[in-house]
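Please open the model in your viewer and keep the selection panel at hand. The stops below are meant to be taken in order.

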Amino acid sequence: MTEILTSAQMRAIEAAAIASGRVTGLELMERAGQGVVEAVFAEWPALAAAPHRAVVLCGPGSNGGDGFVVARLLKGWGWEVEVFLYGEPGKLPPDARVNYERWCGMGAVLPLDDERFDGWPNAASGHAVIVDAIFGTGLVRPYRAHRHLAMTLNSCQSLSRKGGPSPKVVAVDLPSGLCSNSGRWLGDDQPLDFAPLANLTVSFHAPKLGHLLADGPVSCGRLVVADIGLGQRLAPGAEARARPAGWAFAPAPGGRGGREPGLPPRQDTVEAIAQASVAQSVAKAAGHKYTHGHALILSGAVGRGGAARLAARGALRIGAGLVTVACPPSALIENAARLDAIMLRPLRGESEAEALATLLEDARINALCLGPGLGVERARELLPVALAAKRATVLDADALTALAGDPALFALLHASCLLTPHAGEFARLFPDIAAKLAAPATTGPAYSKVDATREAAARAGCTVLLKGPDTVIAAPSGRAALNAAVYDRAAPWLATAGAGDVLAGILTGLLARGLEPFSAASTAAWLHVEAARSFGPGLIAEDLPEQLPAVLRNLS
Ligand SMILES: NC(=O)C1=CN([C@@H]2O[C@H](COP(=O)(O)OP(=O)(O)OC[C@H]3O[C@@H](n4cnc5c(N)ncnc54)[C@H](O)[C@@H]3O)[C@@H](O)[C@H]2O)[C@@H](O)CC1
Ligand SMILES: [K+]
């Protein structure tokens, strides 16, 4: 497991390390600055080959302190460096003040005057790098003061991203103004047009939630996490086996740091799902088919069975021992013509609900899936029986819509349920929580997708998986995980019809195999993205289950 930290957790880790006497704040700041310079040279090796020009923008806190270190180190490489300060030197915190003084022995510090940045630096100014060290994890209120600066940085990073000769924008820890806990820009209505976006963001010790949620990934450019010697970032042994894709870890400058035991995982920690834990979850022990569970997928009416069939295929491919599709009698022939290894049961009887109740008398059916293609009316009819059976139950699509309009149904949810809403379904199910998430972020740390998912899980009393490129999973206990399909793990091909149905099926298959909902959700979300990445562009939902064997092979 990798921990993805909040700003408060990062401060606590730093304070604990300093209190232990292992390291001083000044040393951490030096390593942070060094980490930035090394990351810049690793990203653009040509910049290490000869001196260039840089602008370093420093703010009033320790982020600014890191900036003064960067300025000094670049100057040491023979660079021509212009330094600007937003704030008063006398009010800098002590370590930042020390680095300010050190820089003052080498060059000037000009006040950050916004007018000056009206279009400067630019593609013609000869600057190779602009370092944004104005605000980091300490941002507590909107940073609006520097419109010209923000627009200049925004256009430089945009030109650079397109391969132009423009200066590269390097953010220290975070692009200034981005909230480190939520990935949201504080206080802006049209954030990305007026935000100082970066080409490269160099953070320290561990990624912060804001790098991976919401606007974080598009704002940070590429993310490198530099080791500043605060100790272990992964659970013991996990890093050697597998490291979560999506961002790069850079070693401690000068080889310092080591792998001392870190703090134990806490309930307020957000886990990044790693390959090693997925491999453990999906490893299949010996046994017969019933050892690996029996998943039951409820299907839609005639002509609407495709979604359930996709889910069933996902459940089977992930290793459920048996998978049955239960459909209305009228849809039997349609499904029979399309299914082989997947079993088929018509829901015949007085009513489909009664037929389902009879079917569920078979205790070997240990996981259910309701929603894909089911129809909202049929979901309403079947949900009371399905939820009364107290099996591990995935509720997706139409089942979520049925739940949203019916508090009595919602009250039947139990701890073995797993809700898999996308943003729209989430807003129907939890309108007040979604409204909080949609409201403008005015103070830091801002309300985040992790906060929203945790609140929803606590209310529903079951695990919630809130989809997106930043899929968040939360259990009622507050345990949370993030499956970020961003940076070099982006899988835009997953935005295709039926992909969610396959995810519901993979989840149901893992529940059938005995995983508890939180692990099933973490594992399935990771596998789903990996299947999409493994297939690549051109992916359609049918390809996802068929890609799972290749993903599973690569896990071992
Ligand atoms: N925590 C750690 O372990 C380390 C932190 N380091 C650096 O320290 C940074 C955090 O430093 P700080 O906590 O001093 O925070 P920042 O440097 O992000 O800035 C905080 C200061 O700005 C003020 N402020 C916040 N929002 C403002 C706004 N909108 N307008 C004007 N002023 C505002 C705050 O009151 C505070 O004085 C990190 O981002 C990182 O760059 C590094 O030096 C390495 C170690
Ligand atoms: K910054």
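The tour of this predicted model goes from domains to core, then to a set of strands, and ends at an annotated site.

**Stop 1: the domains**

Colour residues 2-261 as domain 1, and residues 276-439 together with 447-555 as domain 2, following the domain assignment of the protein chain. The C-alpha centres of domain 1 and domain 2 are 40 Å apart.

Next, select residues 272-555. An unreviewed UniProt entry annotates this span as "domain: YjeF C-terminal". Helix makes up 46% of the span and strand 15%. Its end C-alpha atoms are separated by 17 Å.

**Stop 2: the nonpolar core**

Select V56, I297, A315, L370 and L507. These residues have the most contacts inside the largest nonpolar core, which has 177 residues. Add helix 21, residues 517-535; this helix contributes ten residues, the most to the core. Where does the core lie with respect to domain 1 and domain 2? Both domains give residues to the core, so it lies between them. As background, nonpolar side chains in soluble globular proteins tend to be buried together.

Stay with A315 and show what surrounds it. Leaving out neighbours within four places in sequence, A315 is in contact with A295, I297, A320 and V323 and also with G505, I506, T508, G509 and A512. One of these, I297, is itself among the core residues with the most contacts.

**Stop 3: strand 12 and its partners**

Select strand 12, residues 322-327. Is this strand largely enclosed or largely open? Five of its six residues are buried, so strand 12 is largely enclosed by the rest of the structure.

Now add strand 11, residues 294-298. Strands 11 and 12 run parallel and are joined by five bridges. To find the register, pick H294, which stands opposite L322 of strand 12. Then show helix 11, residues 306-317: together with strands 11 and 12 it makes a right-handed β-α-β unit.

Another pairing of strand 12 is with strand 13, residues 343-346. Four bridges join the two, and they too run parallel. Here T324 has M343 in strand 13 as its bridge partner.

**Stop 4: A39**

Move to helix 2, residues 25-43, and pick A39 within it. A39 is buried, having 23 other C-beta atoms within 10 Å; the cut-off for buried is 20 or more. For a sense of scale, draw a distance from A39 to P372. These residues are 333 apart along the chain, and their C-alpha atoms are separated by 45 Å.

**Stop 5: the annotated binding site**

Select K467, G468, P469, D470, T471 and G500. The unreviewed UniProt entry places the feature "binding site" at these positions.

Centre on P469, found in the loop between strand 17 (463-466) and strand 18 (470-474). Is P469 buried or exposed? P469 has 20 other C-beta atoms within 10 Å and is buried. Not counting residues up to four places away in sequence, P469 touches A485, V486 and A490.

Step on to D470, which belongs to strand 18. D470 counts as buried, with 21 C-beta neighbours inside 10 Å. Beyond residues up to four places away in sequence, D470 touches L212, L213, A214, K449, L482, A484 and V486. V486 is thus a contact of both P469 and D470.

Key: Residues numbered from 1 in each chain as written. Chains lettered and ligands numbered in written order. Predicted model: local features only at pLDDT ≥ 70, side-chain atom pairs only at ≥ 80, totals over all residues. UniProt positions renumbered as here; feature names shortened; annotations may be inferred. Core = buried A, V, L, I, M, F, W, Y, C linked by C-beta atoms within 7 Å. Buried ≥ 20, exposed ≤ 12 C-beta atoms within 10 Å, placed from the backbone. Domains from an automatic or database assignment. Contact = placed C-beta atoms within 7 Å. Pairing = 2+ DSSP bridges. Right-handed = clockwise from strand over helix to strand, strands pointing away.
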